[in-house]
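Visitor: I would like a close look at a single part of this protein, namely the charged pairs formed between its side chains. Could you take me through them with some care?

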Amino acid sequence: MTDTLLPLYINGQKIHSNSGETFTNFRPLDGGVECEVSLASKEDVDQAVRAAQSAFETWAGTPGMERGRILLRAAEIMRRRRQELAMIEVIDTGKPISETPYADVDSAIDALEFFGGLAMDIRGDYHDLGSSAMAYSIREPLGVCAGIGAWNYPLQIATWKSAPALAAGNAMVFKPSELTPMNAISLAEIYEEAGLPAGLFNVVHGKAETGGLLVQHPEIDKVTFTGSVPTGKRILQMSSETVKHSTLELGGKSPLIIFDDADLDNAVSGAMNANFYSMGEVCSNGTRVFIHDSIKGEFLKRLAKRTENLVVGDPREVETQVGALINEDHGQKVMGYVEKGLEEGATLVCGGKRISVEGLERGFYMSPAVFSDCTDDMTICREEIFGPVMSVLSFSDEADVIERANSTDFGLAAGLFTKDLARAHRVVKKLKAGSCWINNYNLTPAGVPFGGSKQSGIGRENCARTLDHFTQVKSVYVEMGAVECDY
Ligand code: NDP
């Protein structure tokens, strides 16, 4: 095995595919080759599922206290490796080092600690049925779970999926995106060092086909997926063949509404966080910014000034605020949306230009774009762009803006800025979105449910209820009296 061939991780071992096939992992920051990656064959996937099945039997019977301790140890190890993991994420995703220790590694540590704590308290219910009978219910793990991740938050996604799965007594086979395979292996190393028995967390690398092998595998009991809506629909169809439990975290086109009484500087900060963090490659981004007519001019002025000052460049440098998009193809797709916005009559307030960074000319860098004079029917206001492109729309009436905000098949997130808290709660109640923020945007602390409504997904991650998605209920009726019988 060479350092430049990233292995699979199956049954506690780093191994290479039995087929010998590989694919190339490119660095977004300069388009160069980072490493070759072992491509899992069908036999490798089968081997991973078998390993997970056999490890599951003992793990499911391990006390929650012990399972939790292992996750807490994993959190400590991850904390020790924080800077190294953050830099791996920079290399794999192109996101700046000013973000990844916090948004990626700390978020993963939080998930390990949160679910490590909850593992000790997974329980069912007791049902009083009078003096001669009772019933109780048990929350049982599902078995082998397949985790499939997107490329924008690789470590966070792998941890948000595996920590609750393992806490609840399941085993997991995880497939990271082919574009960002590296930190799933770091996570496997961390679990191993923390004492997780072999077979409980496995990593198979590959593309759509490998994901499909997992989703259709008869011995996989649950699929937990993060990715786009079209792939999510295919996953749901495929998993229906064997009636697998399925949870989906999908895309969005979320609204952010700024009312006329909002603190304007905070609203500008919120809109920038909601669009430019991680180069806009964030599922929950508030990409449709609805601004009240009366403050539109001042809002755009302050927004443009701050957006133009953002430092775009080498994501390894601490002062960089906007790194490289994931690859050339995706960058071209995002630029295509900028062109479409102009064609359809939106005004480009600032940004939207490809930038050449010295020494990193093959990376895809662009200045964050702000469009104003947008209308609801424009392509940039309807489709998920997944890049640093903000569309500003204006409104004057509360009921009207709520209707427009909800007028999409997505329902992942929504936000609003106002000083009027009665209005804030009234509006939030009417917004059709799984995750809402009042006077901030895109914060996802451990314990607060995260997930989408409508076509943005099924299920909630990062919270206590997530454990419901990784367990099933067995109810037990207990007779303590004589059996009544008419025969
Ligand atoms: P994709 O849907 O293209 O891919 C997601 C994962 O699914 C990848 O690992 C991919 O493999 C795999 N995959 C693709 N096709 C299949 C298939 N037929 N069967 C099984 N697995 C398959 O999404 P992206 O990776 O491009 O991620 C961007 C999308 O993810 C955006 O829409 C974004 O909104 C969404 N997202 C949602 C989040 C949420 O929590 N709601 C969070 C982050 C992102 P491979 O890439 O190797 O081909």
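Guide: Let us start from one arginine in this predicted model: R426 is partly exposed, because its relative accessible area is 37%, a value that falls between the 20% and 50% limits. The side chain of R426 meets that of E398 in a salt bridge, with 2.8 Å from N to O, and this pair links distant parts of the chain, since R426 belongs to helix 14 (residues 421-430) and E398 to helix 13 (residues 398-406), 28 residues apart.

A second pair spans a longer stretch of sequence. E193 forms a salt bridge with R80, and their closest N and O atoms are 3.0 Å apart; because E193 sits in helix 6 (residues 182-194) and R80 in helix 2, the pair ties together parts that are 113 residues apart in sequence. Of these two partners, E193 is partly exposed at a relative accessible area of 45%, whereas R80 counts as exposed at 57%.

The pair R302 and E298 lies within one helix: their side chains meet in a salt bridge of 2.8 Å, N to O, and because the two residues are four apart in helix 10 (residues 296-308), about one helical turn separates them. Both ends are partly exposed, R302 with 27% relative accessibility and E298 with a relative accessible area of 31%.

Beyond such pairs, K14, R81, E84 and E189 are linked in a network of salt bridges, and a search of the whole structure finds 28 salt bridges.

Key:
Residues numbered from 1 in each chain as written. Predicted model: local features only at pLDDT ≥ 70, side-chain atom pairs only at ≥ 80, totals over all residues. Heavy atoms only, no water. Salt bridge = Lys/Arg side-chain N within 4 Å of Asp/Glu carboxyl O. Buried < 20%, exposed > 50% of the residue type's maximum accessible area, 1.4 Å probe, protein only.
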